[in-house]
Every structure is written in structure tokens, then in C-alpha cells.
Amino acid sequence: METVACILCGTDNAELLFVGRDRMHGVPGEFNVVQCRTCSLVYLNPRPSWDEIQKFYPVDYVGYNFKEAPALKKLIRRRGWLKKRQLVEKRKPGGTILDIGCGTGEFLQVMAQTGKWQVFGLEPNVHAAHYAARTTGADIFCGRLEEAEYPPYFFDVITMWHVLEHLHEPISILEKIRKMLKPDGILIVAVPVLDSLDAQIFGPYWSGYDVPRHMFTFSKTTLSKVLAASGFTSIHFDAYIGGHDAFCISLSYWADEQFGASPWLISIVRFLSRSLLFRLAMSPWYRVLNLLGLGSTAVVSASPLGYSI
């Protein structure tokens with residue numbers, strides 16, 4: 001475990017919000033979630049080092065999809081990736097794209113299918129990276145961005161779908177990303193945000209904290225400050241339609257804490273998370289939340305300093 005100061009303002013003046021644990025995979029350990037009194041950034045302190053955090057990413061981690069999914073789940077996942085493609089192509093119609101933390105390459109497949117993109121991926125997990133390379137044919141770098149040697153000013157778009165919050169040093173990584181983008185390139189980042197209604201309702205049981213894999217939990221304000229500190233400007237937040245899975249996971253965490261590992265309760269939550277009817281019934285609610293800026297996920301587009309989107 002390593003103790004850190006706030007990466008945003010440099011102070012060591014944080015208050016404890018709660019003590020969390022790995023609710024997703026049940027790997028033992030307790031972790032302090034703190035908030036900087038100076039700039040309000042929320043982060044883990046102390047936190048697992050890079051080597052220590054690896055055991056919290058088991059082979060069945062949600063970002064790695066090696067198994068063939070049921071038809072309905074496959075359809076829902078593809079719909080999600082298509083929405084992400086729409087967000088990208090709203091900013092850029094085509095070109096070179098790098099997906100950082102590409103997992104098993106589902107997003108890259110969706111982008112490559114248009115014929116308008118030259119796709120690249122980066123994934124530190126060996127098994128996921130090899131799977132992505134085999135199934136997409138994309139150029140996949142297996143490792144961390146710190147180890148990669150991409151040419152400067154090469155990419156039109158770089159995406160990070162629920163990746164930034166996992167990084168130990170997000171500002172230095174963002175600075176490197178800025179140098180990899182073309183002068184008129186775009187960075188697109190999706191993260192869970194504290195501004196969301198889910199975060200306010202579920203508190204420490206909110207899935208967006210995902211202790212201890214999430215080193216940071218951003219608000220829209222702190223995310224904007226981190227991007228600005230890294231040399232990005234023209235920061236735009238997009239309405240992102242979604243949130244059903246995050247809501248169901250948060251509900252299951254809350255219910256487990258309140259009522260214990262009750263088989264009937266687990267069955268109800270699983271039914272809700274898998275029910276197409278419930279998903280469709282809740283869809284207008286998630287749409288309203290996202291349009292009001294209260295959705296569980298924020299998607300932000302940013303350009304290198306001196307250029308506007």
C-alpha cells in the first residue's frame with residue numbers, strides 16, 4: 001500500500017468519507033475513500049500499488065468478455081458500443097483511433113466495421129489483449145501507456161471508456177495522450193461521476209466507487225480540472241444514455257449490506273438486471289437523468305490546448 005497526496009492540488013489535507021471493500025469480486029481488504037478539503041477530489045488513500053492492484057482484476061472481471069454471451073445480452077452490449085460510436089463520430093467522421101483499456105476489443109470491432117477508422121488498442125491484461133488482437137485484427141499494444149511508444153500527433157481520436165478512474169497517475173497519462181493526438185484531435189473520456197443521482201442515493205454502496213479498482217472518483221468539476229491541468233481545453237460534456245446496469249449493481253450492493261446474502265433478494269436483483277421489460281420500463285427515467293446531467297456516467301470530449309472542438 002502507498003500513501004499519496006492529492007494529485008490535483010498537491011495538498012495532504014483529506015477527510016475520510018468511508019471505508020470500502022471489494023464488493024464486486026470479494027477480494028479481501030479495506031480501503032479508505034477520502035476527499036481533499038482543498039479541491040474536493042475524491043481518491044483512495046492509502047491505495048494499492050500497481051503490483052498489488054492486479055489481484056483485484058480476476059479473469060472474470062467485467063471488462064474482459066471471453067465467453068459467448070446470451071443473445072439478449074449480446075444485443076444490449078452491442079447497442080451500448082454503437083452509442084459510443086455515435087458519440088465519437090459526432091466529433092470526428094473517421095481517421096485513426098486508439099482505445100485505451102480496450103479489454104477484449106468490442107468497441108474496436110464496432111469502429112472497424114464502418115471502414116472509416118484505422119483502429120488501435122491498448123490493454124495491460126495479457127489474455128484480454130491477445131483476445132482483442134485475434135478477434136479484431138487491430139494493432140493491440142499489451143501493456144501500460146507508460147510503456148507504449150506511439151508517434152507524436154498521430155491519432156485523430158483517443159478514447160478511454162471507464163479507464164481514467166483506474167489510473168494511479170491520471171495527469172501524467174493525460175499529458176502523454178495530449179502529445180499523441182493531432183493538433184485538432186479529440187480525447188473522449190467516460191467516467192462515473194459524483195454528480196449522479198445514483199451516487200447521492202446509494203452513497204458508499206454506489207457502484208461508481210468500485211473500491212479498490214477506482215483510484216479516483218470524479219465530479220464533473222474535478223474531472224474538468226484534471227483535464228485542464230493536463231493541457232486540455234474546450235471541454236464538453238455529452239448526455240450519455242444508459243445507467244441500468246450501474247443502478248442494478250448499486251441496488252445489489254445496498255441490499256446485500258442491509259439484508260445480507262439472502263438468496264431470494266439476490267434472485268430478485270438478478271431478475272431485474274436481466275429483465276428486458278424492466279430495462280425498457282426504466283429507460284425513460286435514465287434518459288431524463290442523463291439529459292439533466294444526473295446520470296451515473298459522464299462522457300467528456302476535450303481537445304489539446306489551443307484548439308477547439
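# Exercises on a predicted structure

In helix 8, His-244, Cys-248, Leu-251, Ser-252, Ala-255 and Phe-259 meet Leu-265, Val-269, Leu-272 and Ser-273 of helix 9. Contact here means heavy atoms within 4.5 Å. Helices (H or I, at least four residues) and strands (E, at least two) are DSSP runs, numbered from the N terminus.

The model is predicted, and local features need pLDDT of at least 70, side-chain atom pairs count only at pLDDT 80 or more, while totals for chains, interfaces and linings use all residues. Residues are numbered from 1 along each chain as its sequence is written, and side-chain values use heavy atoms, with hydrogens and water left out.

## Exercise 1: Two helices

Task: Describe how the axes of helix 8 and helix 9 cross, and classify the residues in their contact.

Solution.

1. Axes are lines fitted to C-alpha atoms, for helices over the stretch in contact, and angles run from 0 to 180 degrees between N-to-C directions.
2. The axes of helix 8 (residues 244-259) and helix 9 (residues 263-274) cross at roughly 175 degrees and come within 10 Å.
3. Helix 8 is therefore roughly antiparallel to helix 9. The classes are: under 35 degrees roughly parallel, over 145 roughly antiparallel, 65 to 115 roughly perpendicular, and the rest oblique.
4. The contact of helix 8 with helix 9 has seven nonpolar, three polar and no charged residues. Ala, Val, Leu, Ile, Met, Phe, Trp, Tyr, Cys and Pro count as nonpolar, Asp, Glu, Lys and Arg as charged, and the others, Gly among them, as polar.

## Exercise 2: The sheet

Task: State the order of the seven strands in the open sheet, name the edge strands, and identify what helix 4 and helix 5 touch.

Solution.

1. Two strands pair if DSSP finds at least two bridges between them.
2. The seven strands of the open sheet follow the order 6-5-4-7-8-11-10, with mixed pairing.
3. Strand 6 (139-142) and strand 10 (232-238) are the edge strands, each pairing on one side only.
4. From one strand to the next, the twist averages 20 degrees.
5. Helix 4 (residues 126-136) packs on the sheet and touches strand 5 (117-123) and strand 6; the direction of helix 4 makes about 170 degrees with that of strand 6.
6. Helix 5 (residues 170-180) also packs on the sheet, where it touches strand 4 (95-100), strand 7, strand 8, strand 10 and strand 11 (297-304). The direction of helix 5 makes about 145 degrees with that of strand 8.

## Exercise 3: Strand 8 and strand 11

Task: In which sense do strand 7 and strand 8 pair, in which sense do strand 8 and strand 11 pair, and how many residues of strand 11 are buried?

Solution.

1. Strands of a sheet pair through backbone hydrogen bonds, either parallel or antiparallel.
2. Strand 7 (residues 155-161) pairs with strand 8 (residues 181-192) in the parallel sense over six bridges; Val-157 has Ile-186 of strand 8 as its bridge partner.
3. Strand 8 and strand 11 are joined by six bridges in the antiparallel sense, and Ile-188 stands opposite Ser-301 in strand 11.
4. Strand 10 and strand 11 run antiparallel and are joined by five bridges; Phe-237 stands opposite Val-300 in strand 11.
5. Strand 11 is mostly covered, eight of its eight residues being buried. Buried means under 20% relative accessible area, exposed over 50%, and partly exposed in between (1.4 Å probe, protein chains only).

## Exercise 4: Cysteines

Task: How many disulfides does a search of the whole structure find, and why is Cys-39 not bonded to Cys-6?

Solution.

1. A disulfide is taken as a pair of cysteine sulfur atoms within 2.5 Å.
2. The search finds zero disulfides.
3. Cys-9 is in no disulfide, and the nearest cysteine sulfur, that of Cys-36, is 3.5 Å away.
4. The closest cysteine sulfur to that of Cys-39 belongs to Cys-6 and is 3.4 Å from it, too far for a bond.
5. Cys-9 is partly exposed at 31% relative accessibility, whereas Cys-39 is buried at 10%.

## Exercise 5: Backbone details

Task: Locate the cis peptide bonds before Pro-46 and Pro-212, and compare the accessibility of Tyr-153 with that of Asp-210.

Solution.

1. Asn-45 and Pro-46 are joined by a cis peptide bond, with omega about -5 degrees; Pro-46 lies in the loop between strand 3 (42-44) and helix 1 (50-53).
2. A cis peptide bond also joins Val-211 and Pro-212, with omega about -5 degrees; Pro-212 is in the loop between helix 6 (197-202) and strand 9 (216-217).
3. Tyr-153, in the loop between strand 6 and strand 7, has a positive phi near 55 degrees and is exposed at 54% relative accessible area.
4. Asp-210, in the loop between helix 6 and strand 9, has a positive phi near 35 degrees and is buried at 10% relative accessibility.
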